[in-house]
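Trainee: Could we go through this model together, one question at a time? I would like to see how each answer is reached.

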Amino acid sequence: MTDPRTTVIVITRNRSDDLLHTLDRLAELPEKPPVVVVDNGSTDGTASAVRRHPLAPRLIPLAHNAGAVGRNLAARVAATPYLAFCDDDSWWEPGALAGAADLLDAYGRLGAVTARIMVHPHPDAPEAGAAPGAGPDEPVEDPIVQELRHSPLPAPSWLPGPALGSFLAAATVLRADAFRAAGGFSPRLVLGGEEELLAADLAADGWWLAYADRLTVHHRASPHRDATLRRRQGIRNTLWFTWLRRPLPAAVRRTRVLASTVPRDAVSVRAFAEAAGGLPWVLRERRPLPREVESRLRLLEAPQRESTARRYCG
């Protein structure tokens, strides 16, 4: 069951072992998708390992860490109508890419479809233990899935699943033309909640985002990450998105909520300082969303405040 409709794009940095595990899983897919790996300036031999892998993915080696912009670079060389993103510690279930492409084929206004996420224990993080009711090696559903499955957003009758206001890149297949027209991921944000800005711009362009419960992606969260850096960037990027796209009352409201809910420590202070330092370009590039898109984002404010799966911790 080969399927030529979707290119898988993987960005990576200094996690060669995790990446090779992901490439092994992608090599098993019956769809046999083309795979592009963007190495964000790794110093652990990642590029050489990718070149030796039997999957023979296309490699884009960078001399620096471009973050999520690496996906933009890969999208430029992709020749398929759809793009499936992967992190170096995640992979698609057999048949899921074909299922996502079928949905995008069938619904012309569907810009992106997000899959159910199953979380696997990582062998380098045994202290995490198994989830309640699961064996030590059994995957469990990511807590964020319940929020996707029960999204409060109103959806047109034709949409093949709950409507979403944003997406998780490593669990999403997007329409390539829509991704490129929206400008891809912002080079300002690097990584950490970078999807929110792109999702809003896709919606402003008239595209719908949906969750599809019948599609599955797997995530074996790597412990080899800088959780503090990711938290700082996540807070900063949330503020930048809010100031770039939300009307003034909503921007003030969300800024106050963040200030009152993030951990009161040096990481949060630095995140707010970095966000404030970007105000000159934010004001130059500010473009509030159309009223109908903003009305959907307002419906997500309460679920975001109450979420237990979206905490800025680490």
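Trainee: Which residue has its backbone nitrogen 2.9 Å from a polar atom of the side chain of H122?

Mentor: This is a predicted model, in which local features need pLDDT of at least 70 and side-chain atom pairs count only at pLDDT 80 or more, while totals for chains, interfaces and linings use all residues. Residues are numbered from 1 along each chain as its sequence is written, and side-chain values use heavy atoms, with hydrogens and water left out. A polar contact is a pair of N or O atoms within 3.5 Å; within protein, one must be able to donate a hydrogen and the other to accept it, and residues adjacent in sequence count only if both atoms are side-chain atoms. The backbone nitrogen that meets the H122 side chain at 2.9 Å belongs to D124.

Trainee: Is H122 buried or exposed?

Mentor: H122 sits in the loop between β6 (110–119) and β7 (140–141); helices (H or I, at least four residues) and strands (E, at least two) are DSSP runs, numbered from the N terminus. Buried means under 20% relative accessible area, exposed over 50%, and partly exposed in between (1.4 Å probe, protein chains only). With a relative accessible area of 6%, H122 is buried.

Trainee: Which side chain makes a polar contact of 2.6 Å with that of H122?

Mentor: Start from the neighbours, where contact means heavy atoms within 4.5 Å. Leaving aside residues up to four places away in sequence, H122 touches D18, R220, A221, S222, P223 and H224. The 2.6 Å polar contact joins the H122 side chain to that of D18.

Trainee: What does R5 touch, and which side chain lies 2.5 Å from its own in a polar contact?

Mentor: R5 is in the segment before β1, and its relative accessible area of 18% makes it buried. Not counting residues up to four places away in sequence, it touches T80, P81, Y82, A98, A101, D102 and D105. One polar contact of its side chain, at 2.6 Å, goes to the side chain of D3. The one at 2.5 Å goes to the side chain of D105.

Trainee: How many residues of strand β2 are buried?

Mentor: Look at the two faces of β2: V35, V37 and D39 point one way, V36, V38 and N40 the other way, and all are buried. The strand covers residues 35–40 and is largely enclosed by the rest of the structure, so the count is 6 of the 6.

Trainee: Which residue of β2 stands opposite V8?

Mentor: Two strands pair if DSSP finds at least two bridges between them. Strand β1 (residues 6–12) runs parallel to β2, joined to it by 5 bridges. Opposite V8 in β2 is V35.

Trainee: And in β3, what is the bridge partner of N40?

Mentor: β2 also pairs with strand β3 (residues 58–62), in the parallel sense and over 5 bridges. The partner of N40 there is L62.

Trainee: Which hand does the crossover from β2 to β3 have?

Mentor: A crossover is right-handed if, with the strands pointing away from the viewer, the path from the first strand over the helix to the second runs clockwise. β1, helix α1 (residues 16–27) and β2 form a right-handed β-α-β unit. From β2 the chain passes through helix α2 (residues 46–52) to β3, and this β-α-β crossover is right-handed.

Trainee: Is K32 buried or exposed?

Mentor: K32 is in the loop between α1 and β2. Although not a glycine, K32 has a positive phi of about 50 degrees. Its relative accessibility is 52%, so K32 counts as exposed.

Trainee: What is the relative accessible area of A56?

Mentor: A56 is in the loop between α2 and β3, and it has a positive phi of about 55 degrees without being a glycine. A56 is exposed, with a relative accessible area of 57%.

Trainee: How many residues does domain 2 bring to its contact with domain 1?

Mentor: The bounds, from an automatic or database domain assignment, are 6–220 for domain 1 and 227–306 for domain 2. Their C-alpha centres lie 23 Å apart. Domain 1 brings 16 residues to the contact, and domain 2 brings 24 residues.
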